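Colleague: Please take a close look at a single part of this model, and explain it in terms that a first-year student can follow. Please then relate that part to the rest of the chain.

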Amino acid sequence: MSTPNSSAEHWTFIRAAIRRPQLIGAVAPSTRGLGEQLAAIVPQRGTPTVVELGPGTGPVSAIIRQRMPSGGRQLAVEIDMNMVDYLRRRHPWLTVLPGDAAALDTLLADADVRRVDAVVSGLPWSIFPLPRQERMLGSICQVLNPGGAFTTFGYLHARRMSGARRFHELLERRFEEVVVTRAVWSNLPPALVYVCRRAVPHA
């Protein structure tokens, strides 16, 4: 049974997907199972800085917050201004940076952040053209601390398609380690998570 909040989240997401199908690329917000896999790289000690790309209505943002130690800083980059407004209302503890993830280094610098410990992405990478993928990954690698990590996901049914294979190859050029998790069957559609470590800044 849907609560008023979950209904508002659902329709906010659907409206954004209709407005920007080339940037949203999903049919529903990420499930908790997928969110936990994506957020597993978030440090639970110290004072980490974590940035999320494409938070949508914030289901993964809430899971990241649960993992974050009290001294950490959590930011999110969102291009859709209606989503930005929704996130700021529903998650006032989250620092939301309006803008394009391809300019991640600039957006973070404007927020007085130079390096981050984890980047969690909910972006639809496989539908982006290769030059955009390269710009975005380059920006991510530039801001990650040497011991930092990056997670993103792809849909299981698309894993063998050319766009998904190309993206996997690009990840392996930009990171020394890329691990693909087992399928998260509870997500709609089922998804795989890419866990990437040891960025190569100038690949």
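**Two packed helices and their surroundings**

Modeller: Helices α7 and α8 are roughly parallel to each other; angles under 35 degrees receive that name, those over 145 are roughly antiparallel, those from 65 to 115 are roughly perpendicular, and the rest are oblique. The model is a predicted one, in which local features need pLDDT of at least 70 and side-chain atom pairs need 80 or more, while totals for chains, interfaces and linings use all residues. Residues are numbered from 1 along each chain as its sequence is written, and side-chain values use heavy atoms, without hydrogens or water.

Two packed helices are described by the angle between their axes and by the distance between those axes. For α7 and helix α8 (residues 162–174), the angle is about 30° and the axes are 11 Å apart. Each axis is a line fitted to C-alpha atoms, for helices over the stretch in contact, and angles run from 0 to 180 degrees between N-to-C directions. The crossing of α7 past α8 is right-handed, that is, the near helix is turned clockwise from the far one by less than a right angle; an anticlockwise turn would be left-handed.

On the α7 side, the contact (heavy atoms within 4.5 Å) is made by L130, Q133, E134, L137, G138 and C141. The α8 side supplies R166, F167, L170, L171, R173 and R174. By class, these residues divide into 6 nonpolar, 2 polar and 4 charged. Here Ala, Val, Leu, Ile, Met, Phe, Trp, Tyr, Cys and Pro count as nonpolar, Asp, Glu, Lys and Arg as charged, and the others, Gly among them, as polar.

Helix α7 also takes part in a nonpolar core, a set of buried Ala, Val, Leu, Ile, Met, Phe, Trp, Tyr and Cys residues joined through side-chain atoms within 4.5 Å. Buried means under 20% relative accessible area, exposed means over 50%, and partly exposed lies in between, with a 1.4 Å probe and protein chains only. The largest core has 31 residues, and I140, F150 and F175 have the most contacts inside it. Its largest share, 5 residues, comes from α7 (residues 130–143). Leaving aside residues up to four places away in sequence, F175 touches ten residues in two stretches of the list: L137, I140, C141, L144 and F150, and then C196, R197, R198, A199 and V200. Apart from this core lies another, of 19 residues, including I41, V60, V184 and V193.

R198, one of the residues touched by F175, is placed in strand β7. Most residues other than glycine have a negative phi. The phi of R198, however, is positive, near 60°. With a relative accessible area of 40%, R198 is partly exposed.

The loop between β6 (175–180) and β7 (191–199) contains P189. The peptide bond from L188 to P189 is cis, with omega near -10°. N187 is found in this loop too, and counts as buried at 5% relative accessibility. Its C-alpha atom is separated by 6.4 Å from that of L34, although N187 and L34 are 153 residues apart along the chain.

As for the whole, the protein chain has 8 helices and 7 strands; these are DSSP runs, H or I of at least four residues for helices and E of at least two for strands, numbered from the N terminus. Of its 203 residues, 48% count as buried.
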